[in-house]
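Reader: Could we go through this structure together? I would like to take the helix packing, then the sheets, then the contact between chains.

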Amino acid sequence: MSGTVLSLRDLRVTYRTQGGGVPAVRGVDLDIGTGEVVGLAGESGCGKSTIAAAILRLLPAGTTTEGEILLNGEDVLKMTASKLRAVRWAGASIIFQGAMHSLNPVRRIGDQIAEAILVHNQANEREARVRVGALLEQVGLPPRRIDDYPHELSGGQKQRVMIAMALACNPSLVIADEPTTALDVMVQAQVLKLLKELQHDLGLSMIFITHDLSVLVEVSNRLAIMYAGKIIEDGPADLVFHHAAHPYTKALAAAFPEIGDLRFRRKPSGLGGDPPDPQNVPSGCAFHPRCPERVDGVCEGIEPELWVAGENSHAACVHVSGAPAFEGMPA
Amino acid sequence: MSKMPEPIMTEPELTAPVMGEPDPVTPERANRLAWARRRRSLATYWKTFRKSRQGMVGLCILGFFVVLALTAPYIVDLTQIAPATADGPILHPPTAGYPLGTDNFGRNVLSMVVYGSRISLLIGFTATVGAMAIGSSMGIAAGYFGGRTDTILSAITNWFLVLPWIVLAIVLATVNPFHLPDLGNIILVIAITSWAGTARLVRAQTLSVKERTYVERSRALGSGNWHLVTRHVLPNVMPVIYANTVLMVAIAILSEAALSFLGLGPANTVSWGTILQESYDNGALTAGYWWWFLPPGIAIVLVALSVTLCGYALDEILNPRLRDR
Amino acid sequence: MGARRYFFKKTMYALLTLLFVLSFNFVMFRVLPSDPIANLTRSQKLTRDDVAELRHSLGLDQPLPQQFVTYVKETFSLNLGRSILSGRSVWGEIKAALPATIALLSLGTLFATLLGIWVGIKGGWKRGSTFDTSSLFTSQVFWSMSEAWLGMVLIVVFGSILGWFPTGQWQTPGDATQIQRLADWGNHLFLPVLTLTLGYFGEYAIIMRSSLIEVKNDDFVLTARAKGVPDREVRKKHAVPNAFLPTFTLIFLSFGFVLGGAILIEVVFSWPGIGQLEFEAINNLDYPMIQGIFLLSSAAVIFFNLVADLLYSYMDPRIRES
């Protein structure tokens, strides 16, 4: 049955700090359909991890979240505390990064996975344990490791535990927040392969968050690129990666080649400058100070929207085909 | 014909800016830059400290007592605190002339408490300096040199940590192994029984500083141990030492009170601990001479509390994680 | 390393520490004083023969290393000399005084730990709440008090003024039934134990609090919340077990301080325990007694630290199985 699992409408998140409010997400719209994998990419600080935490309302106290987060049609932001707790993990679950510290060091991994099942009253203790064993097998771990402690597992194994845990309550949506970033390249590849298989076998709907575009291309159906708290391009994965419309995406794609990409070996590229300070976002198009295709006189004054850039893809850039004609644009 | 000797290049000429070239970095200039930087960071520390209400309250109270101790000889009538010359009524509750009443010799309790601050604070601060000196040296040496030195020094530290301080203090105080006068002995005793905690903290901090890359780089550049320790390790360990020192003062003052109460304090001296002892020995509890034993205890609480408050504020400055986000 | 090797290593270390204590005692009381005999026989009129005999029986005419060996042997057989004050054996006196001190110490430490941990958890979990700020302040205030003074205040308020509790001693003399005796003990125990509890709970509270605050920010706590675990359970099953580990170590390390406080409290309350013995020993320069108490209390603390180490390794699976 197809439909929209997650729908973000004008999501805005502002952290509260000693120095004032920090707008980490400045108006994001995103839809994820059943069985779809959407890759969310961007540099550190662009707001992608904030979105992950926001979906389940896991942001620190004092953070303001506005807009709508519709999970299976219900607005998470309007849920009561008990409803929220029921939705957490059973509606949507998160595979955190850095499985180094995401597991309780003094509890057995089996107990930690079972906890999710038991908290949602999906089984009694004995049944939960059986299910945990099955989950471990599913992620490629021998079930006998159910009574191990986290420190007895390698990085890759811990990440598999995180994946098993995320699947424990059969969530509608799985949010993978940089699940492979902290791992060695070889292990990265294994975990990615596992995620791809699981997604395919179980028909999971996923948001896959990372800063490594080449990883996303392998896993995602669609890509959404974030910059300074907004989505600046989205579209089918292949299209966005190989034929990016937004200058930022082009630079990002060029910086993360696919292994074996000869183009990169001959001409490695990067992007000058730093991502903007969220409290001091440049006027107009946030990317304009670093943009190699900037049009002076236009880009710093216009707030671009996601205009049509290609088949099923959009980009927030004045250069795309679907953008209105602005004064001062070269013919 | 001999050549004219080259003019000797004096320092100012060497460092005088040449047109179009930036100032060369000389040792003096580097030093000045370092000091300017330290002054700036101290200024920032002070600014953050000022914001902490706890810290400022603590600092004010502590300051008050320090001033009290320093001015005591001038504001206290010394005849009123010596048993031979005191002429107040015996064991009298507070009156206008004796705001905190009198003790068993007719001494003015308020004067006693004010004058007692001298010895109590003196012992507190001196013993702290001693404990910090020993503890920091042991900690830095153990952490920096590592290996066998570390094993030995850490073992010694652990031994002192394990021993219950008061029984050790009693042994040292009664045996007086170095044949010191009473005051010196008690300061030494407190220092010896308190340094181990600092040593452990300082060692941990030294270990973490040692791992940092700038130490490795400096070493690769050929810096000697002394240079590394004084220029790189020490400045980064000092914050921990400062925060700990502040706490140590409270511990030292409480230790002095305890030892004096047991009769091991400096003889024939007025300190808060000895006032407590004398009041207890003379039945202040059963007879209810509350004006005699309450004030010295309250003074101790105030000083120890003010010191902990300062320590808290300091800790928050140096440990930003603890600050409210 | 396996559990057995860990146990062995820690026990060896404890014994080594004990040896250090013995050596230290030996140096203090036998080596340093110019004439140890003088210390032991002060205020006693003895003939030269008596002195010589004493010197011989204590082995003071032997070379130092041999003296040390004798000393160690005697200590382990609990021959700790004779008290100058009472003339009885040091060990005998200490043994008689132990029950009173053990009662005071165990109850006091128990309540201080329970109260301190409870306050620390409640305050640390809801940092900045009214409970937190007020309990933190209260903890700091009590920590800043001299235990002797606190005892004095409690005696005056609850003993003298209100008359609710006795002001000293362990029991009221006279006949009584078992129940009456027990109630009497409780009555007498109350104030000293209260003093010890109030004096030390603050330290435990502060330690537990900061430990919990740090753990609360750890990633696995976020994971637990994300799983939908209710706040109370997150605290109970994830945060506290991890925060408790360093607190546990620090609690045991502070045992030496609690002992110090207990001694002061015993003096204030005329409690017939080790502290009282020590006080009398100080007043009379009863060196054998001072030595004996130093040795025994150090040995006790070493022992408890060993127990703590072994318990800790059991509680932290990372150490248990490494």
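**Helix packing, sheets and a chain contact**

Author: In this predicted model, helix α10 (residues 231-253) of chain C and helix α13 (residues 287-315) of chain C cross at roughly 170°, and their axes come within 10 Å.

Reader: What does that make the relative direction of α10(C) and α13(C), roughly parallel or roughly antiparallel?

Author: Angles over 145 degrees count as roughly antiparallel, and α10(C) and α13(C) are therefore roughly antiparallel to each other.

Reader: Which residues meet there?

Author: From α10(C), C:L245, C:F248, C:T249 and C:F252 meet C:F304, C:N305, C:A308, C:Y312 and C:M315 of α13(C). By class, the residues of this contact of α10(C) with α13(C) are seven nonpolar, two polar and no charged.

Reader: Staying in chain C, at what angle do α6 and α8 pack?

Author: Helix α6 (residues 130-143) of chain C packs against helix α8 (residues 178-216) of chain C at an angle of about 130°, and the axes are 7 Å apart. The two helices α6(C) and α8(C) are therefore oblique to each other. Their crossing is left-handed. On the α6(C) side the contact is made by C:S135, C:S139, C:Q140, C:F142 and C:W143, and on the α8(C) side by C:L198, C:G199, C:G202, C:E203, C:A205 and C:I206.

Reader: How many residues of that contact are nonpolar, polar and charged?

Author: The contact of α6(C) with α8(C) has five nonpolar residues, five polar and one charged.

Reader: On to chain B. What is the hand of the crossing of α4 and α5?

Author: The crossing of α4(B) and α5(B) is left-handed. Helix α4 (residues 109-145) of chain B crosses α5(B) at roughly 145°, with the axes coming within 7 Å. In α4(B), the residues B:M138, B:A141, B:A142 and B:F145 meet B:G147, B:T149, B:D150, B:L153, B:S154 and B:T157 of α5(B). Five nonpolar, four polar and one charged residues make up this contact of α4(B) with α5(B).

Reader: Does α5(B) come up again elsewhere? Let me put it properly: which helices of chain B supply at least two residues each to the side that touches chain C?

Author: The contact takes 35 residues from chain B and 41 residues from chain C. At least two residues each come from α5 (147-162), α6 (165-175), α9 (225-261), α10 (272-281), α11 (284-287) and α12 (290-318) of chain B.

Reader: And which of them gives the most?

Author: That is α12(B), with eight residues on the side of chain B that touches chain C. The residues of this side of chain B divide into 28 nonpolar, six polar and one charged.

Reader: Let us change to chain A. How many helices and strands are there?

Author: Chain A has ten helices and twelve strands. Its radius of gyration is 21 Å, close to the 20 Å that the globule rule gives for 331 residues, so chain A is as compact as a globular protein of that length. Along the principal axes, the C-alpha atoms of chain A fill a box of roughly 70 × 50 × 45 Å.

Reader: What is the strand order in the sheet of eight strands?

Author: The order is β6-β7-β8-β3-β9-β10-β12-β11 (chain A), in an open sheet with mixed pairing. At the edges stand β6 (92-95) and β11 (307-310) of chain A, each with a single partner strand, so one side of each is left without a neighbour in the sheet. From one strand to the next the twist averages 25°.

Reader: How many bridges join β9 to β10 in chain A?

Author: Strand β9 (residues 222-227) and strand β10 (residues 230-236) of chain A run antiparallel and are joined by six bridges. Opposite A:I225 stands A:E233 in β10(A).

Reader: Which strands does helix α1 of chain A lie across?

Author: Helix α1 (residues 48-55) of chain A lies across β3 (37-41), β6, β7 (173-177), β8 (205-210) and β9 of chain A, and runs at about 145° to β7(A).

Reader: Finally, what is the order of the sheet of four strands?

Author: This open sheet has the order β2-β1-β4-β5 (chain A), with antiparallel pairing. Its edge strands are β2 and β5 (74-75) of chain A, each pairing on one side only.

Reader: How is β1(A) joined to β2(A)?

Author: A hairpin joins them through two residues. Strand β1 (residues 4-17) and strand β2 (residues 20-33) of chain A pair in the antiparallel sense over eleven bridges, and A:T4 has A:G33 as its bridge partner in β2(A).

Terms used:
Residues numbered from 1 in each chain as written. Chains lettered and ligands numbered in written order. Predicted model: local features only at pLDDT ≥ 70, side-chain atom pairs only at ≥ 80, totals over all residues. Axes fitted to C-alpha atoms, helices over the stretch in contact; angles between N-to-C directions. Parallel < 35°, antiparallel > 145°, perpendicular 65-115°, else oblique. Left-handed = near helix turned anticlockwise from the far one by under 90°. Contact = placed C-beta atoms within 7 Å. Nonpolar A, V, L, I, M, F, W, Y, C, P; charged D, E, K, R; others polar. Pairing = 2+ DSSP bridges. Rg over C-alpha atoms; globule rule 2.2 N^0.38 Å.
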